[in-house]
Amino acid sequence: MFGLIGHLTSLEHAQAVAYRLGYPEYGNQGLEFWCSAPPQIVDDNIRVTSATGQTIKGAYVESCFLPEMLSQRRIKTAIRKILNAMARTQKYAREDNEIQITALGGFSSIIFENFNLKENKQVRGVELDFSRFTTGNTHTAYIICQQVEETAAKVGIDLSRATIAVCGATGDIGSAVCRWLDKKTDVQDLLLIARNQERLQNLQDELGRGKILGLEEALPLADIVVWVASMPKGVDIGEIPLKKPCLLIDGGYPKNLDTKIQQPDVYVLKGGIVEHSLNIDWTIMEIVEMDVPDRQLFACFAEAMILEFEQWHTNFSWGRNQITVEKMEKIGNASRKHGFNPYQLSLGN
Ligand code: NDP
């Protein structure tokens, strides 16, 4: 059985979901309420069938973490949310089913790494076994790279002449995307964007290429922008001039881009999303407003499913900046085999 630990994107989102699910008394509650709410097993009867015919079962655990907890410096609460959700998932047992592998979605893995939670093994009487958790970032990075390659061709961008800016380049996903673009494509130029200059310098040294630039300098030069920064709230880039055509792939959760950009020849694609070839028996993707909620999901969640299909009960993605191109290929091949495909731009829209 696989597990998925997720969270909503903002307090406003959490309130709207509470109303929608028929809990109006929670819909009026402020951040304090969400700070004290324990993790919830929202659905433990998820069934996913692979393109090979194999079916697996899984559970979705809502951690009740909200990004405002970081922006309002409720760090201890944020940490407690993630550790409690991990302990709840590990402790789960029903009808002899155990959750063998769980994806830490969205900010869960970022909080785990940023606050070094591997030191906190004992949680509410449970000794956390980290080999049962995966960040899902290897699959996410693979899917974003596939989206770059496939969509560039669709919108008339030739990678061999293109400049790609990666916002969040030094992160776990961003650095993996840079490695792939460097080794597996003939992209002309890479622009590396993040705040910490030392980490940017280390990445540039590792790649042996790439220009370090600020967001405002980089965006007007880029044919493609990959957004994978861990921003609790999106940024508005409405005032920054963009190339035409320009492809913006927003892989952040919550989204890195604040407003819907509607300019001719500027294409915005949801990044790090896969579409399964068969319907999945669940409702949780309606809550995060996927266009096709029966089939579309976050690539990190799909990683836990793939590991369960393959019986690779191991923390396939773990630690920071250790994702190799070889591991991306391995998870990518398994992803295709089980019927997951990168979400694509529909040019009719
Ligand atoms: P990391 O924390 O490892 O990396 C974040 C990167 O963003 C770093 O390079 C950081 O560098 C940079 N960054 C943070 N804030 C800013 C800012 N204001 N301006 C510019 N750069 C910034 O995160 P991950 O790689 O694990 O995740 C990246 C994003 O992907 C997150 O939004 C996450 O929720 C999302 N995600 C999506 C998944 C999916 O399935 N679609 C799965 C997992 C994650 P610095 O601090 O130096 O600025």
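**Notes on a two-domain predicted model**

1. The chain is split by the domain assignment into domain 1, covering 2-137 + 274-337, and domain 2, covering 141-271. Keep in mind while reading that this is a predicted model. Taken over C-alpha atoms, the centres of the two domains sit 25 Å apart. Domain 1 puts 27 residues into the contact, and domain 2 puts in 22 residues.

2. How much area is buried between domain 1 and domain 2? The figure is about 2100 Å², with carbon and sulfur atoms giving 61% of it. For context, the accessible area lost when parts come together is often how the size of an interface is given.

3. On the polar side of that interface, 11 residue pairs are in polar contact across domain 1 and domain 2, both partners being at pLDDT 80 or more. Which elements give two or more residues to the side of domain 1 that touches domain 2? They are helix H6 (107-114) and helix H13 (325-337). H13 has the largest share of that side, at six residues. By residue class, the domain 1 side that touches domain 2 breaks down into 12 nonpolar, 10 polar and five charged.

4. Now the salt bridges. The whole structure has 12 salt bridges, and the count between domain 1 and domain 2 is three. Have a look at Lys-270 and Asp-291, whose side chains meet in a salt bridge at 3.3 Å, N to O. Lys-270 falls within strand S15 (266-270).

5. Glu-150 and Arg-336 make another salt bridge worth pulling up, with their closest N and O atoms 3.3 Å apart. Glu-150 belongs to helix H7 (residues 137-154) and Arg-336 to helix H13, so this pair ties together parts that lie 186 residues apart in sequence. H13 is also the element with the largest share of the domain 1 side that touches domain 2.

6. There is an open sheet of five strands, in the order S2-S3-S1-S6-S9, and its pairing is mixed. Which strands stand at the edges? Those are S2 and strand S9 (133-134); each has a single partner strand, so one side of each is left without a neighbour in the sheet.

7. Within this sheet, strand S2 (residues 40-49) and strand S3 (residues 55-62) pair in the antiparallel sense, over seven bridges. Strand S1 (residues 2-6) runs parallel to S3, and five bridges join them. Tyr-60 in S3 is a handy place to see both pairings: Asp-43 has Tyr-60 as its bridge partner, and Leu-4 stands opposite Tyr-60 too. As a reminder when you inspect the side chains, those in a regular strand alternate between the two faces of the sheet.

8. The hairpin of S2 and S3 has five residues between the strands, and there Gly-53 takes a positive phi near 100 degrees. Asn-116 also has a positive phi, of about 50 degrees, although it is not a glycine. Where does Asn-116 sit? Its place is in the loop between H6 and strand S7 (122-123). H6 is one of the elements already mentioned at the interface, giving two or more residues to the domain 1 side.

9. Two cis peptide bonds deserve a look. The bond from Lys-244 to Pro-245 is cis, with omega near 0 degrees, and Pro-245 lies in the loop between strand S13 (224-227) and strand S14 (246-250). Tyr-253 and Pro-254 are likewise joined by a cis peptide bond, omega being about 0 degrees. Pro-254 is in the loop between S14 and strand S15. These backbone features stand out because most residues other than glycine have a negative phi, and most peptide bonds are trans.

Methods:
Residues numbered from 1 in each chain as written. Predicted model: local features only at pLDDT ≥ 70, side-chain atom pairs only at ≥ 80, totals over all residues. Heavy atoms only, no water. Domains from an automatic or database assignment. Contact = heavy atoms within 4.5 Å. Buried area = accessible area lost by both parts, 1.4 Å probe. Salt bridge = Lys/Arg side-chain N within 4 Å of Asp/Glu carboxyl O. Polar contact = N/O pair within 3.5 Å; in protein donor to acceptor, adjacent residues only side chain to side chain. Helix = DSSP H or I, 4+ residues; strand = E, 2+ residues; numbered from the N terminus. Nonpolar A, V, L, I, M, F, W, Y, C, P; charged D, E, K, R; others polar. Pairing = 2+ DSSP bridges.
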